[in-house]
Amino acid sequence: MKARIDLNSRYVLSGVLLVCCLTSAYSQDKSLFKVRQQQASNTAQRADAKSAILSNDFKKTEITRDFISEGVAVADLNKDGKMDIVAGYYWFEAPNWTRHEMAPSRVYDPRKEYSDSFLNLGMDVNQDGWDDVVIIDFPGKPGFWFENPKKAAGEWKKHILADSVGIANESPGFIDIDGDGRLDILCGDKDKKQIVWLKPPVKPGEMEWQRFALSKENVPGTDIFSHGIGYGDVNKDGFNDVVVREGWYEGTTDKKAGNWVFHPANLGENCSHMQILDVNGDGKNDVVSASAHALGIWWHEQIVDEQGQINFKTHLMSNTTAQTHSSIMADLNGDGRKDYITGKRFLAHHGRDPGDSDPGILLWFEFTPGKEPYYKEHIIDNDSGAGLNITVHDMNGDKKPDIVIANKNGVFLFENKMKK
Ligand SMILES: [Ca+2]
Ligand SMILES: [Ca+2]
Ligand SMILES: [Ca+2]
Ligand SMILES: [Ca+2]
């Protein structure tokens, strides 16, 4: 009997410890304090944003209201020339969005569960002419890809990426790191705590992804639950660098060196995909980020001090919506300049986050360098939001980029109806 009790109390204890671990991994106490400070000092700004009207520039299509994935992708999976929508283990066939299953899955409870699909990417991995689907699972797990069975029926074959590298950092980037025209995955390596990129196979018929390191081991931005990473040329030396919240890794021509030098800098709070662009048009590249689990969208102005040291000054761009756990750049309005798209990760932690009762807003910013405040906010929708990645693609062939999102609210397509 005693043994039984001990066993039970051990279960209770480990349960408590697990909850503590999870809570501290996601803990935002410090951020919350800052959010409240910002809310207090920006009441007028928040009121303005709240009263903002939907732009009416996008036509919304509800693909499903089921929570099946927080990642989303597009790909022509049945090779009929029309782009289909992928959300986790399901794909929706254009043009009527008929649902198909790649492998057994189910609908998840948005108030209690995470799905097993955090970010998605559509690409022809083995280059057999049929698009495949890459899935990034829960933080720290290895990614995998589903091989398109072509016309054959049955389950899609699952292949693990790059010798099971545990993908760390919650906003891995789908970025062409080596410039060969194929998208790679920029992320952290969970075990080595190193900034790495995973490269898809090069030759047709090859299946294996390769892992290459950019930074040294045990560096910032590489914990399982690290928030925020991006790729761009910070110091304008012609080589793209990696930014994380804690600073930036100086890029060189060698993308396999594993020795990129780290420069500490303050790039704000826990955030989603970090974007590098010259916001104010002063010739120096700045960084735009959005809070992953609290409230705030910021631009971090690059300022070079007298010693030539690169620092950043953080400016609040918006506090319209919280939990902006993904972002992407795309030229939505056709002015030749890329815009910033983000949205609320609806019920990010099942209702335990600041701003949970706010509507599921999807929004974008155009940039107006040279003219303060250097950006303009537009709200697309208030009953969707965004998941852990956002996909932009011309889905209807009118040459304008459309937006696709998947989160705990469902899966949605937003067709761009803006006139140039
Ligand atoms: Ca298709
Ligand atoms: Ca590549
Ligand atoms: Ca650089
Ligand atoms: Ca600048």
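Me: How many bridges join strand 27 to strand 28?
Reply: Quick housekeeping: this is a predicted model, so local features need pLDDT of at least 70, side-chain atom pairs count only at pLDDT 80 or more, and totals for chains, interfaces and linings use all residues. Residues are numbered from 1 along each chain as its sequence is written, with chains lettered from A and ligands numbered from 1 in the order in which they are written. Strands here are DSSP runs of E, at least two residues, numbered from the N terminus, while helices are runs of H or I, at least four residues; two strands pair if DSSP finds at least two bridges between them. Strand 27 (residues 402–407) runs antiparallel to strand 28, and the number of bridges joining them is 5.

Me: And what does strand 1 add on strand 28?
Reply: Strand 1 covers residues 58–64 and pairs with strand 28 in the antiparallel sense. Lys60 of strand 1 stands opposite Phe414, and Ile403 stands opposite Phe414 too. The count between strand 1 and strand 28 is 6 bridges.

Me: How many residues of strand 28 are buried?
Reply: A residue is buried if 20 or more other C-beta atoms, placed from the backbone, lie within 10 Å of its own (exposed means 12 or fewer, partly exposed in between). Across the 420 residues of the protein chain, 45% count as buried. Strand 28 (residues 410–416) is largely enclosed by the rest of the structure, because the buried share of its residues is 6 of the 7.

Me: Which strands stand at the edges of the open sheet 10-11-12-13?
Reply: That sheet has 4 strands with antiparallel pairing. Each edge strand has a single partner, so one side is left without a neighbour in the sheet; the two are strand 10 (167–175) and strand 13 (210–213).

Me: What is the average twist in that sheet?
Reply: Axes are lines fitted to C-alpha atoms (for helices, over the stretch in contact), and angles run from 0 to 180 degrees between N-to-C directions. From one strand to the next, the twist averages 25°.

Me: What stands opposite Trp197?
Reply: Look at strand 12 (residues 194–199), which pairs with strand 13 in the antiparallel sense over 4 bridges. Over in strand 13, the residue opposite Trp197 is Phe212.

Me: Which residue takes a positive phi in the hairpin of strand 4 and strand 5?
Reply: Strand 4 (residues 90–93) and strand 5 (residues 98–101) run antiparallel, joined by 4 bridges, and the bridge partner of Phe92 is Arg99. The hairpin has 4 residues between the strands, and the one with a positive phi near 60° is Trp97.
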